[in-house]
Amino acid sequence: MVGNGKHKWKISFHRPSSNSKMDPKQPSKDFICPVSGSLMYDPVVVSSGQTFERVSVQVCRDIGYSPMLEDGSRPDFTTVIQNLAIRSTILNWCRSSGTELPRPPDYRSVERIVRAAMAEDGHSGSEFGVSDRELLKGVADKPPVIFSHAATELGHRVNHFYSTSSEEPVTIAASPATPLPLTTRPACFSSPCSSSEIVENESQTLNPDSSTPEEEQYLAKLMSPQVFEQEEAVVSLRKLTRIREDLRVSLCNARILSAIRPLISSKYATVQTNAIALLVNLSLAKRNKVQIVRSGFVPHLIDVLRGGVSESQEHAAGALFSLALEEENQMAIGVMGALAPLMYALRSENERTRQDSALALYHTTLIQSNRVKLVKLGAVPTLLAMTRAANSASRVLLILCNLALCTEGKSAMLDGNAVECLVGLLRKGEVESEATRENCVAALWALSQGSMRFKGLAKEAGAGEVLREIVERGGERAREKAKRILQMLRGREDEEEAEDFDGILDSGVGVSRSRHRVAGTRSLYGPNSTTF
């Protein structure tokens, strides 16, 4: 379900003024991406109304940076839709002026430009981007001590991490604690990479509004006993759905899904990989996510994670992540047995597989029942060990934050020396990004709620000194959590000092008292008390 607050689009298509004289050999300012400074190859309109190169938007999202524009505003990159009008105008201008058609920009080149702009702007990005920090906002500041059912989730997550098409408005809750839809696409998904590919696919005559002879031909090839026809169909449909968002909805029908499903288990690697990649593209449309899960794809994706080739596993992890963005799917994915294979995929040699598996586990463990399942699988020691790996620590900590919200997860983490582990990461400087540091502090905060053991373990680990340093030098969100933990620890010490003073007043003499440490806390006993 989505929230009541509507995120209004501000779409504007800029046209050159008729009064201004423009050099026909010089492109209009509206044709130039404000970020990359180059002629736009794949222009898209963002939520705040401006037009950018798609790769520029992706880089800014990944890094977590919103550049300041000439008018002093900062764009909203929440969602994008393709700006076909400006793209057509750019192509027409290139042909009429004899200018070479724009080429797709290189991601790394744009990233260097963005990071240079960040340095000038005094903005510090993070290794893993803003998405992880925003994901943490879904973790409760004050979670209940006992959860008995998934319905007891703290607050209703009215907004989902949806990827939207141009037909679907984005709804965002008014609450600042609601996660924003920043990480919405699996790492295995990529935009079109060549102008020839776009031209080729624009010539396709598939109609998104009704069944066509072309769709029937694709359906026949998908169901053909000839492997080369299956391969031809899934490769073509993969390219089409990667480019045309409108086709993702129309092609996600019962007949096409039934034809794709057996290909997920194909013994031919090319067929299997492209079939799963096609499924990832279809899953990007919000309205398709539940239908895909109900069509029985999850067990097949699990089997691929367990025994598919590396590239197929990469796309399978991406598909499960994309499907887990839908709240209605999260419990079902856990029930069907995806948690253990996803845990195994966290150790994959493929970075994209690790990334999407971690985010799939994060979203599935937003559900209470899946938290308990993952704890019972013995995942906590493995996850704690993985926090020492710089390339996975940030996302693994997100999962641990979720597990700390249930009684079983909190107990397992405390038993596994999670407090010492997290404090050690912060103390030794092994945290390489602000996002990871925030996640560490958030996990400590979750462990501190309703736990008498935490206070003693935190004191033994020397958490006070580390947290005070974060209060002085850390990011805003990390400082806030660290302050709360310190206040909680100081409150306990003040309470014990008050008990000591009251005891002295009652006795009238300096009576010595025995202090016994039980499960990481201190208890005070009177002179005649019995200890066990």
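The largest cavity in this predicted model holds about 80 Å³ of space. A search of the whole structure finds five cavities of 30 Å³ or more.

Let's look at what surrounds that space. The lining of the largest cavity is made up of L346, E351, R354, Q355, A358, M386, N391, S392, R395 and V396. Sorted by class, these lining residues are four nonpolar, three polar and three charged. Two helices, α16 (351-364) and α19 (393-403), each supply at least two residues of the lining. Which helix gives the most to it? That is α16, with four residues.

Next come two spots where the backbone has a positive phi. Most residues other than glycine have a negative phi. N417 is not a glycine, yet its phi is positive, at about 60 degrees. This asparagine sits in the loop between α20 (407-415) and α21 (418-427). Is N417 buried, partly exposed or exposed? With a relative accessible area of 46%, N417 is partly exposed. The other spot is G462, which follows α23 and has a positive phi near 70 degrees.

| Residue | Place | Phi |
|---|---|---|
| N417 | loop between α20 (407-415) and α21 (418-427) | about 60 degrees |
| G462 | follows α23 | near 70 degrees |

Finally, a word on helix α23 itself, which covers residues 452-460. Its buried residues are F454, K455, G456 and A458. A lysine, K455, is thus listed with F454, G456 and A458 as buried.

Technical notes
Residues numbered from 1 in each chain as written. Predicted model: local features only at pLDDT ≥ 70, side-chain atom pairs only at ≥ 80, totals over all residues. Heavy atoms only, no water. Buried < 20%, exposed > 50% of the residue type's maximum accessible area, 1.4 Å probe, protein only. 1 Å grid on protein atoms, 1.4 Å probe; cavity = no way out; pocket = protein on both sides within 12 Å on 5 of 7 lines; lining within 4 Å. Points joined across faces, edges and corners; volume = space filled by probe spheres on them. Nonpolar A, V, L, I, M, F, W, Y, C, P; charged D, E, K, R; others polar.
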